[in-house]
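User: I am new to this structure and would be grateful for a close look at one part of it. Please examine the charged side chains and their surroundings, and explain the reasoning in full.

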Amino acid sequence: MATEVQVKKQGKLKTYLRGVRTESKKVVWPTFKQLMSYTGIVIVVSVFVSLIVYALDFLIGYVYRLVL
């Protein structure tokens, strides 16, 4: 025995899932070449940022040791 609230929730869920399916059909996936290019950029930027963080950590630690 379904109550009116349960029926409304099921209707909303079906509507939501239909919308998700419709929107997922509109997705344009990158080509393999684009994917590899983007992956390379992410790796290079990640290494660059990690080197900056490492350098700052080393510098702050060095200054900290000098003060104490």
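Analyst: The account below begins with the whole protein and then turns to the charged side chains and a loop residue.

The model is a predicted one. The protein has 68 residues, of which 1% count as buried. Its secondary structure consists of two helices and zero strands. About 6,900 Å² of the protein is exposed, and carbon and sulfur atoms supply 72% of that area.

Against this background, one group of charged residues can be described. On the surface, K14, R18, R21 and K25 gather in a patch of positive charge. One of these residues, R18, lies in helix α1, which covers residues 4-24. R18 counts as exposed because its relative accessibility is 56%, and the cut-off for that class is over 50%.

The next matter is the pairing of charges. Side chains of opposite charge can pair when their charged atoms come close. In this model the count comes to one salt bridge. The partners are E23 and K26, whose closest N and O atoms are 3.2 Å apart. That separation satisfies the criterion, because a salt bridge requires a side-chain nitrogen of Lys or Arg within 4 Å of a carboxyl oxygen of Asp or Glu.

The two partners fall into separate accessibility classes. E23 has a relative accessibility of 46%, so E23 counts as partly exposed. K26 has a relative accessibility of 55% and therefore counts as exposed. The boundary that matters here is 50%, since exposed means over 50% relative accessible area.

The remaining residue to consider is in the loop. P30 is found between α1 and α2, the latter helix covering residues 32-67. With a relative accessible area of 36%, P30 is partly exposed. When neighbours within four places in sequence are left aside, P30 is in contact with L35 and Y38.

In summary, the positive patch comprises K14, R18, R21 and K25, whereas E23 and K26 form a salt bridge. P30, in the loop between the helices, is in contact with L35 and Y38 once its neighbours within four places in sequence are left aside.

Conventions:
Residues numbered from 1 in each chain as written. Predicted model: local features only at pLDDT ≥ 70, side-chain atom pairs only at ≥ 80, totals over all residues. Heavy atoms only, no water. Patch = residues over 30% accessible without salt bridge, like charges linked within 9 Å, V, L, I, M, F, W, Y side chains within 5 Å. Areas by Shrake-Rupley, 256 points an atom, 1.4 Å probe, with all protein chains shown as cover. Lys, Arg positive; Asp, Glu negative; His and termini not counted. Charge placed at Lys NZ, Arg CZ, Asp CG, Glu CD. Helix = DSSP H or I, 4+ residues; strand = E, 2+ residues; numbered from the N terminus. Buried < 20%, exposed > 50% of the residue type's maximum accessible area, 1.4 Å probe, protein only. Contact = heavy atoms within 4.5 Å.
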